[in-house]
Each structure stands twice: as C-alpha cells, then as structure tokens.
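Got your viewer open and a selection box ready? Let's take a walk through this one, stop by stop.

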Amino acid sequence: MESQGLALVDVERGDGNGTDFKEPLLPRKKPHFPVFATGSESFSFTGIIKSDVSSLESLDYEIVENDVFKQDWRARTNYEVLQYVIMKWTFACLIGVLTGLVALLINLAVENIAGAKLLITLKLLQSNRYVLAGLLLTGINLVLVLFSSVLCVYFGPAAAGSGIPEVKAYLNGIDAPEILAPNTLVVKILGSIGAVSAGLCVGKEGPLVHIGACIASLLGQGGSKRYHLRWKWLQVFKKDKDRRDLVTCGAAAGVAGAFKAPVGGVLFALEEASSWYLISFSFFLLRIHSRFLHRWRSSLLWRTFFTSAVVAVVLRIGSMLCKEGKCGLFGAGGLILFDVSDVVVGFSLLDFLPVVVLGVSGGIIGSIFNKLSSRTCVFYSHYLHKKGSLAKVMLACFVALVTSIFCLCLPALGHCRPCPHEALMANECPSYGRTGNFKKFNCEAGHYNDLASLLFTTNDDAIRNLFSTNTPQEYHYASVLIFLVETFLLTLMTYGIAVPSGLFIPVILNGASFGRLVGILMSASHNLKLDEGLYAVLGAAAFLGGSMRMTVSLCVILLELTNNLSMLPLVMLVLLISKTVGDIFNKGLYDIHVRLKGFPLLESHSEPFMHQLTAADALKNPLVKMARVEKVGVIMDILRNTRHNAFPVIDFSSPPGKPVFCGLVLRSHLLVLLKHKAFQPRRDSSLDILKLFSGFDFAKPGSGKGMVIDNIEVSSEEDGMYIDMYPITNASPYTVLETMSLAKAYTLFRQLGLRHLCVMPKTPQDEPILGILTRHDFVPENLLTLYPYLKHKATKVPRLSSFLA
C-alpha cells in the first residue's frame, strides 16, 4: 500500500461461489499527498548531493505466521537452532574484525598522506619558498578532493555526507538499497581517505559508522549478487529483523573504530542510530511485547557489546604494531585519543558559572549551526547540484581551494609567542614535524606561531592541541577566535558537497575552539581552578549536545576519548544544559538531515494533532483485495498495476454473503508461487503447497534483490488457472478498530516495527476490513495536507521554534 498510482483496469474477480464479476482497480491519478516536497506518495531517497539514488521501501519486522512458516518452525531441529545462534555471534565477530581493519586502513592512509603533505609543505616554508609551498599544498588538496568527489558523483552517490542519517533511517524501518550497497562501501572508504587527507573540515567518524553498517549488511545478505560476490555459507539470515540486528552491531562497531570507544559505540547505537530500540523503555511495549524486550536487552545488547570489544582489540593490536615503526608516519596520533588524564580536575562552586554559560552558549550556537547547515545543504541541492555532475565536482574543488587558501594565509594573522622553557629545553619548540603544539611558520628562532599550530596540522591533531592541559597562555585569544570563525565557516561550506564528510570531528573542533577561548578569558580570574584544556573539552561537549542532541552516548564517548573519569559531573551538566537549550529552537542535526534527504522517519512520539484523528481518517484509497482462491490472470493484473506489498485475502464462501477476512498475503510470496507455476486447474481442486515449498523458498532476499512481476511470464492457458493463497497468507496480522485514535495506532505501528496495520470496522457488515495503514499514512506532512485545519496543532514548541525559522 505504499504507492497508490494504479491503472484503470477491469479484471475478472471471483466471489468464491463460482460466479465472476467485473471490478475496477484504483484509477491512475496524480498523487495528492506530497511527501517532503517530492510530489509523490512513493518515497524517493535523494542523496546529499541531490542524486536520485533509489526508491524507498519499508522493512517488515513482523513474523508472517502462515502455514509454510508454521511447518518450517515445527521442522527445525535443535542442531539448526544452535547453528543459527552460533552464526549470529560469528557474524558479530566478523563485523568487528572487518570494521576494525577498515578503521586502521583509513587512519593509516590519512596519517601518511596528510603527514607527508604537511612535512613537505613545512620544509618549503622553512626554506622561504612560499609560492612553491602554496602551490604544492593546494595542488595536492585539489587532487585528493577531485578523486573523492568523482567517486561520489559517478560511482556511489549514496556515499556522500556523513552516512549516519542513512543508518538511522534503515534502523527506523526504511530500506533504500543503495545506501548499504557494496559500491557505497568502497566509495565511502576511498572517499573518506581523500577528503580527510585533503584537510577539509570533515571527519572520518560518521563515515565509519556508515562503513560498519555496510559491512554488516553485506554479510547479512550473504554477499552481493549484483557484483558477483556470493558466499553460500553466509546466506543464513533471511529476515529483516536479523539483518537489522547486524546493522545495529555494525553502527556500534563504526563508533568504536572511530573513537576507540567501545562502550560509547554501544550507547550510540542505542541512543542515536537504533531509534527503533529506544521504544524498549516504554511501558506500553513492556506490556505487549516483553519477549522482544528481553531479547534486545540480553542477546542483541551483548552481541553489540561483543562487536565493539572486538573492534577495540583489533585497534589495540594495530596500534602496538604501528608503535614499532611499521606504519610509516602513522603514530599514536593516528587513532583518536585526546588524553587529558594527566590533569587533576579540581573545581569550586564558582567554576559552575562559566560551565553553565558554556552549556547555554553551546545550545544556542549549536542550534544556529543546525539551521545554517540545513540552509547550506538546501542551497547546494536546489541551485548548484541541478547544474549537473560536473558542477558537483567543481563545487567540491572550490571548497578545497578555499580551505587551502585559509590554511596558507590565515597564519599571518597569528601571534609569534616565545617557546615555553620546558618545551624549548626538550627541543619540542618549535615543532618541525607534522604534529606538535608549536609551529614556527614565519616567526623568529625560539618563537612559534600559535595560529599556524592549529591550522598546519590534521583536524585530530588540532583538537589534541586545543585539549592540551597545563599549557596556560599557549594561544592568544585572538588566534583562537580567528580559528573558531574559520572552522565554523568551513564546516558549513563543506558539509553538503560531493565527498564523504563526517560531522563529529568538525563539531568537536568548533566546540573545543569556543571552550578554549572561554578558558583563556576565564584564566584572568585567579579564583577559577579549571584548566584551559578542560574548558576546551567542555566546549566540545556543549557544541555536540547543542547540535547533535545526544547525551548519554556523547558523555561516554568523550570520557573514553579524554581518558579522565573525574570530568564526568561537568560533562554531564554541560550536555544536559546544551541539549535542553538546543531543543527549544530546532531538532538535532541528524534529524534535520534525515528530513532533508527525504526519509519518512517515524519519530518516537506521535504529533499532538494525531489525537484528533482516528485510524479510519488516515485511509485514503479503496482496497485492492483478493479472494482466497484467485485466478492467476487476476493476480497478474493486480501485481502489474499496483505497487502494493500486501493484499487482504477475503473468503467469500462461508457463510454465504458474509465475506471473511483471512489475513494478508505479501507480494513477494505471490511472486514465488507465480514463478514456480504453483497453479491448480480448477477452483475446487487442491495443491499441497507445503510439500512443494519450504520456508527458505519464501525468505526475503537482500535489499533491492527481490523478484519483479515484469520478469514473470504466464501463458493464456495459465491465466485461467487458480492459486490457493491460504497456505501463504498471514492469518494473524496486527489489526486495530477504525475508532482507535491515530496517535495510538501510530504508537502501535512504530513500536512493533510494522509495515502494514489493518483497520477493521467496529460493526462488520459487508466489508470485513476497511483498509491498511502503512508508513506514509503516518507521515505528518501527508496528514496535514489531508486535514489542513490541524496545522495549528502540529507545532510542539510554537513560539520559540520560529526564532531560527
């Protein structure tokens, strides 16, 4: 029922009593329910670079309890059940190993490419060959960005951007085949290396979450038929639920690989990516679906944690090998760890005032950043990306050019500061390598350029410099302010171009700059005890909470990053304040980009106006029904002229004149019967489908790999034969009464992970079923188009949300 554009076709229908009659299907007409301004009832995923990647389908987490399923379940042996459980844990281990290896590969490549580039540039600058140094730096950056953008535009459009909105949408029940495809995985890996090595204001952390999900999806589907990568021993999981669980493990592994934060990865999968599971804490679900909750809290939680632990082990082994000098320029700085464990976190009551100010400021600035980021992406999408593929590549190169110019020219505005005595004696100032807090740039001997120390390094090392503790007055406040403005503008410019671009590191970089600036200003007060580096950590937490609106997972990730548990109270306070303030103005960053990409995400709570509607009010079109024993020709016509994925099966035979609702039959199951010619010559003849098919025959293939009606041919003689659909009919679909409020139906639909929800009449007369609710029937934009007088009740926070509109 997810697409209502049907042809006006007359088909022969049987009433179950041997008489045939003519019944028109739904007429083809222009859709009248715009979905996220797409102009169509069928959802279409638009990548961040405005490329139509694929049509969207809903995932189906419901168990289809038909005769075939029951027979398959009864026939399962203990050995098969044990094998199923062992394969789940084996796949979790494989996901962890592969994601950890990819994380090592990306870090190795970025550190060596970016390190070699910076070393050569700094040597040229030290020999006063400024023009050659500028041309070399700009040229290398342009080549790297050109490589990354060409891959994204021409080979994997779904790989552009962070990837976290795509993973979040998949775990919410939305299936767009290209977002987890093998080509997306390859482009994401190579594109991330190019974009981050080029010095763009992007991170590799969001892409690593997407990469982990892609690896999990590839394993869960048994490989890729399209790219001739099929492994029989991997073809174990044939249900959306099992594959969703694997993708959850992959998302957690991505965070663990990006930040070396295994616990944070598990919490991130719970809080942000796996929005479907947050319902597990609701009382309603606890009552009606306790078995599912138990499995999530025990089995899936442990498997996700196990996957993250495997990633941590792989990264630790890789770090140990690299410390032996086997990884080129890759060193301890390659894997992100902003260690501030050497400072004692002491604070007084007076220190809480600037911490609260940081939280409030982070919430406001984060909200402004979210609004400007969405406006920038809309501008790119509506004006620049319409000019074609070449324009997308040129835009990416232009951003790379601007980034290189800033890196080369802005250090001239920095301050030459004398080297600290300890660093001078240890020969650490000025720094001549790619890392270090003290870049000489254009300063005299014994001095360093504080702004160059932040610009002439990788983003990870810049954060490490800002987080450095016990370094008072290392940076002039004006230099930090210039760096803050530069990173803020470049982050806005960069996210939305045709390269893989994570937002974690840029947001942390902005927040750390702001926090360090506040710390410098606060250091004038001798009554305050917090270190400037700790202010930078709290600033990063404030900006993250104000823009991404996560609390628990961000808190743990930051603690694992900084390796300082004593900062827990302050980080918690800052995150809570910044998230609360940010929620006043707009949604979180990833929620905004989910909407910009056209994903019909179902939020955790229904809109208030849904309490004014009933389930029947959301039904818009008449049903396309099938008889229990239906003609092959009728089935073929229905499947050709509709795009529905489930059809009500009606039994007209008992009692006479009183049609009975038998359940729902899925399109994919009908296609299996049609492909294998499971026909019977007469309506009253019998065909034992249970002997011809097993549950594996009806198992769902991977994303976008299912059969289509256009590939099935039926002769004119077979058109007059029949199919008994009862053995493949889900006899116990979820149903609601027509009088149930739409808000209550929304809660049931979302929390149970449904694809179809049947609406039944309160007093059955002639029609045993009124309609079927699907995902697009709950989208607020659709409902408000149908009932525009409810728009004034659609805004949860009426006044304050218009501040940034």
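How many bridges join β16 to strand β17, and which way do the two run? Select residues 757-760 for β17: three bridges link it to β16, and the pair runs parallel. One thing before going on: this is a predicted model.

**Stop 1: the three-stranded sheet**

Add β16 (735-737) and β18 (771-773) to the selection; these are the edge strands, each pairing on one side only. The sheet is open, in the order β16-β17-β18, and its pairing is mixed. From one strand to the next, the twist averages 35°. For a single bridge to look at, pick threonine 735, whose partner in β17 is cysteine 758. Now show residues 742-751: that's helix α26, lying across β16, β17 and β18 and running at about 145° to β17.

**Stop 2: an enclosed strand**

Jump to residues 660-666, strand β14. Six of its seven residues are buried, so the strand is largely enclosed by the rest of the structure. Next, select 646-651 to bring up β13, which is joined to β14 by six bridges and runs antiparallel to it. Aspartate 651 is a handy one to click on: its bridge partner in β14 is valine 660.

**Stop 3: helix α3**

Select 130-154. Helix α3 has 25 residues and reaches 36 Å from first C-alpha to last, close to the 36 Å expected at 1.5 Å a residue. Color its buried residues, which include Ala133, Gly134, Leu137, Asn141, Leu144, Val145 and Cys152. What covers them? Bring up α2 (78-126), α5 (182-197) and α12 (389-409), which are among the elements doing so.

**Stop 4: rings**

The count of aromatic pairs comes to eleven. One of them is tryptophan 302 with phenylalanine 305, edge-to-face at 6.2 Å centre to centre with 85° between the planes. Both sit in helix α10 (residues 290-326), three residues apart, or about one turn of the helix. Buried or exposed, tryptophan 302? It is exposed, at 53% relative accessible area, while phenylalanine 305 counts as partly exposed at 35%. Then select Phe259, Phe268 and Phe504, which form one aromatic cluster.

**Stop 5: charges over rings**

Two last picks. Show arginine 244 with tyrosine 61: the arginine lies over the face of the ring, 4.2 Å from its centre. Then show arginine 628 with tyrosine 726, where the charged end sits over the ring at 4.4 Å from the centre.

Notes: Residues are numbered from 1 along each chain as its sequence is written. This is a predicted model: local features need pLDDT of at least 70, side-chain atom pairs count only at pLDDT 80 or more; totals for chains, interfaces and linings use all residues. Side-chain values use heavy atoms; hydrogens and water are left out. Helices (H or I, at least four residues) and strands (E, at least two) are DSSP runs, numbered from the N terminus. The expected span of a helix is 1.5 Å times one less than its number of residues. Buried means under 20% relative accessible area, exposed over 50%, partly exposed in between (1.4 Å probe, protein chains only). Contact means heavy atoms within 4.5 Å. Two strands pair if DSSP finds at least two bridges between them. Axes are lines fitted to C-alpha atoms, for helices over the stretch in contact, and angles run from 0 to 180 degrees between N-to-C directions. Rings of Phe, Tyr and Trp (its six-membered ring) pair if their centres lie within 6.5 Å; planes under 30 degrees apart count as stacked, over 60 as edge-to-face and the rest as tilted. A charge sits over a ring if NZ of Lys or CZ of Arg is within 6 Å of the ring centre and within 35 degrees of the ring normal.
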